[in-house]
Amino acid sequence: MTEDLHALQRRLAAFAASRRWQPYHTPKNLAAALSVEASELLEIFQWLTPEEAARVMEDPDSAHRVRDEVADVLAYLLQFCGGLGIDVLAALAAKIDRNELRFPVPEDGDRGSLTPNAD
């Protein structure tokens, strides 16, 4: 990666500040925007078969759309976390730790949970 997350957060904050958008970047508004952008990412895959979805990055146009929506989702998530003082990497690491405890590695012959859930 060319920039770390903190540098990207600072760049996003400066971008919004220079346009005087801070009053609109409330936690509620950023969470809503994040949801909208995640839905736009989902829309790309909406009617694809699993096989078609696995090949989505092979088409330059759809690959461009996927990258743009991923960028939008990440941008809003970083702005949301920055506004609330959440260290996104620490939050993710803590969640992985909790999930490792909740969902232990299955014993040999045990299939484990068929429906992984990260909540």
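**Exercise 1. State which residues L77 contacts beyond its neighbours within four places in sequence, and describe its setting.**

Solution. Step 1: once neighbours within four places in sequence are set aside, L77 is in contact with L34 and V88. The model examined here and in the following exercises is a predicted one.

Step 2: locate the residue. L77 belongs to helix α4.

Step 3: compare the positions of L77 and V88. These two residues are 11 places apart along the chain, and their C-alpha atoms are separated by 8.6 Å.

Step 4: classify the exposure. The relative accessible area of L77 is 28%. Because a buried residue must have under 20% and an exposed one over 50%, L77 is partly exposed.

**Exercise 2. Describe the overall architecture of the protein chain, using its helices and strands.**

Solution. Step 1: count the elements. The protein chain has 5 helices and 0 strands.

Step 2: read them in order. Along the sequence, the pattern is α-α-α-α-α.

Step 3: consider burial. Of the 119 residues in the protein chain, 18% are buried.

Step 4: consider the surface. The chain exposes about 9200 Å², and carbon and sulfur atoms supply 60% of that area.

Step 5: consider the contacts. Among those between residues at least 6 apart in sequence, 55% join residues at least 24 apart.

**Exercise 3. Examine helix α4: compare its span with the expected value, and identify what its buried residues pack against.**

Solution. Step 1: establish the length. Helix α4 covers residues 60-84, a total of 25 residues.

Step 2: compare the spans. From its first C-alpha to its last, α4 reaches 36 Å, close to the 36 Å expected at 1.5 Å a residue.

Step 3: list the buried residues. In α4 these are S62, A63, V66, E69, V73, A75, L78, Q79 and C81.

Step 4: consider the spacing within a helix. An α-helix has 3.6 residues a turn, so residues three or four places apart point the same way.

Step 5: name the partners. The buried residues of α4 pack against α1 (5-18), α2 (27-45) and α5 (88-102).

Step 6: look beyond the end of the helix. Just after α4, G85 takes a positive phi of about 70°.

**Exercise 4. Determine whether Q79 is buried or exposed, and find its contacts.**

Solution. Step 1: place the residue. Q79 is part of helix α4.

Step 2: apply the cut-off. Q79 has a relative accessible area of 15%; because this is under 20%, the residue counts as buried.

Step 3: find the contacts. Apart from neighbours within four places in sequence, Q79 touches L12, A16, H25 and L30.

Step 4: relate Q79 to P27. The two are 52 residues apart in sequence, yet 8.8 Å apart in space, C-alpha to C-alpha.

**Exercise 5. Describe the surroundings of P27 and A33 in helix α2.**

Solution. Step 1: begin with P27, a residue of helix α2. Its relative accessible area is 40%, and P27 is therefore partly exposed.

Step 2: list its contacts. Outside its neighbours within four places in sequence, P27 is in contact with F80 and L84.

Step 3: consider a further pair. P27 and G83 are 56 residues apart along the chain, and their C-alpha atoms are separated by 7.0 Å.

Step 4: turn to A33, which also lies in helix α2. With a relative accessible area of 17%, A33 is buried. Its C-alpha is 9.0 Å from that of D72, a residue 39 places away along the chain.

**Exercise 6. Analyse the charged residue E37: what is the distance to the nearest side chain of opposite charge?**

Solution. Step 1: locate E37, which lies in helix α2.

Step 2: assess its burial and pairing. E37 is buried yet has no salt bridge.

Step 3: give the distance. The nearest side chain of opposite charge is R65, 10 Å away.

Step 4: name the contacts. Beyond neighbours within four places in sequence, E37 is in contact with E69, D72, V73 and Y76.

**Exercise 7. Describe R20 and the nonpolar surface patch that includes F15.**

Solution. Step 1: R20 is found in the loop between α1 and α2. Although not a glycine, R20 has a positive phi of about 60°.

Step 2: R20 has a relative accessible area of 67%, and is therefore exposed.

Step 3: F15, W21 and Y24 form the nonpolar patch on the surface. Together they have about 340 Å² of accessible area.

Step 4: F15 is found in helix α1. It is partly exposed, with a relative accessible area of 40%.

Note on methods:
Residues numbered from 1 in each chain as written. Predicted model: local features only at pLDDT ≥ 70, side-chain atom pairs only at ≥ 80, totals over all residues. Heavy atoms only, no water. Helix = DSSP H or I, 4+ residues; strand = E, 2+ residues; numbered from the N terminus. Expected span 1.5 Å × (residues − 1). Buried < 20%, exposed > 50% of the residue type's maximum accessible area, 1.4 Å probe, protein only. Contact = heavy atoms within 4.5 Å. Patch = residues over 30% accessible without salt bridge, like charges linked within 9 Å, V, L, I, M, F, W, Y side chains within 5 Å. Areas by Shrake-Rupley, 256 points an atom, 1.4 Å probe, with all protein chains shown as cover. Salt bridge = Lys/Arg side-chain N within 4 Å of Asp/Glu carboxyl O. Lys, Arg positive; Asp, Glu negative; His and termini not counted.
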